[in-house]
Amino acid sequence: MGTVMTFCVRCGRPAGEGDHEACLGARAAVVPPRFCAECARRMVVQVTPAGWSARCSRHGECSSSDPVPATD
């Protein structure tokens, strides 16, 4: 089995490459993801007063009500 590549959900670049300081700022907690963490495809995002939902054409939907994974 190969290495699993993860991507930044804010800028779409590989998570392990480059500087993601701007992606992890204070606004990151309230701004919905724009790119899929699994494949870096641009997601369809809908923002409503109650929250947001984001859909990847390959990996499905996530929303503001989903649990947020811990980051190091």
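This report walks through a predicted model of one protein chain, from its confidence to its sheet, its core and one buried histidine.

**How confident is the prediction?**

A good place to start is the confidence score. Across the protein chain the mean pLDDT is 84, and 86% of the residues reach 70 or more. Where pLDDT is low, the predicted coordinates should not be read in detail. The strands can be ranked too: confidence is lowest in β3, with a mean of 92, and highest in strand β1, residues 44-48, with a mean of 95.

**The sheet**

Now to the strands themselves. An open sheet is built from 3 strands in the order β1-β2-β3, with antiparallel pairing. Its edge strands are β1 and β3, each of which pairs on one side only. From one strand to the next, the twist averages 15°.

Each pairing can be followed in turn. Strands β1 and β2 run antiparallel and are joined by 5 bridges; the hairpin between β1 and β2 passes through 2 residues. On the other side, β2 (residues 51-56) and β3 (residues 60-63) are also antiparallel, held together by 4 bridges. Here the hairpin has 3 residues between the two strands.

Some residues that face each other across the strands are listed here.

| Residue | Opposite residue | Strand of the opposite residue |
|---|---|---|
| V45 | A54 | β2 |
| Q46 | S53 | β2 |
| A54 | C62 | β3 |
| R55 | E61 | β3 |

A54 is a handy landmark when you look at the model: it stands opposite V45, and its bridge partner in β3 is C62.

Is β2 enclosed or open to the outside? Strand β2 is largely enclosed by the rest of the structure, because 5 of its 6 residues are buried. In a regular strand, side chains alternate between the two faces of the sheet.

**The nonpolar core**

Which residues make up the largest nonpolar core? It has 5 members: C36, M43, W52, A54 and C56. A54 therefore appears again, as a core residue as well as the residue opposite V45. C56 is worth a closer look. Setting aside neighbours within four places in sequence, C56 is in contact with C36, C39, R41 and M43. Among these, C36 and M43 are also listed in the core.

**A buried histidine**

Finally, let us turn to H20, which lies in the segment before β1. With a relative accessible area of 11%, H20 is buried, because the cut-off for that word is under 20%. What does the side chain of H20 reach? One target is the backbone oxygen of P14, at 3.2 Å. Another is the backbone oxygen of E17, which the H20 side chain reaches at 2.9 Å. Not counting residues up to four places away in sequence, H20 touches C8, C11, R13, P14 and A15. P14 thus has two entries in this picture, as a residue touched by H20 and as the owner of a backbone oxygen that the H20 side chain reaches.

Key. Residues numbered from 1 in each chain as written. Predicted model: local features only at pLDDT ≥ 70, side-chain atom pairs only at ≥ 80, totals over all residues. Heavy atoms only, no water. Pairing = 2+ DSSP bridges. Core = buried A, V, L, I, M, F, W, Y, C linked by side-chain atoms within 4.5 Å. Buried < 20%, exposed > 50% of the residue type's maximum accessible area, 1.4 Å probe, protein only. Contact = heavy atoms within 4.5 Å. pLDDT = per-residue confidence, 0-100. Polar contact = N/O pair within 3.5 Å; in protein donor to acceptor, adjacent residues only side chain to side chain. Axes fitted to C-alpha atoms, helices over the stretch in contact; angles between N-to-C directions.
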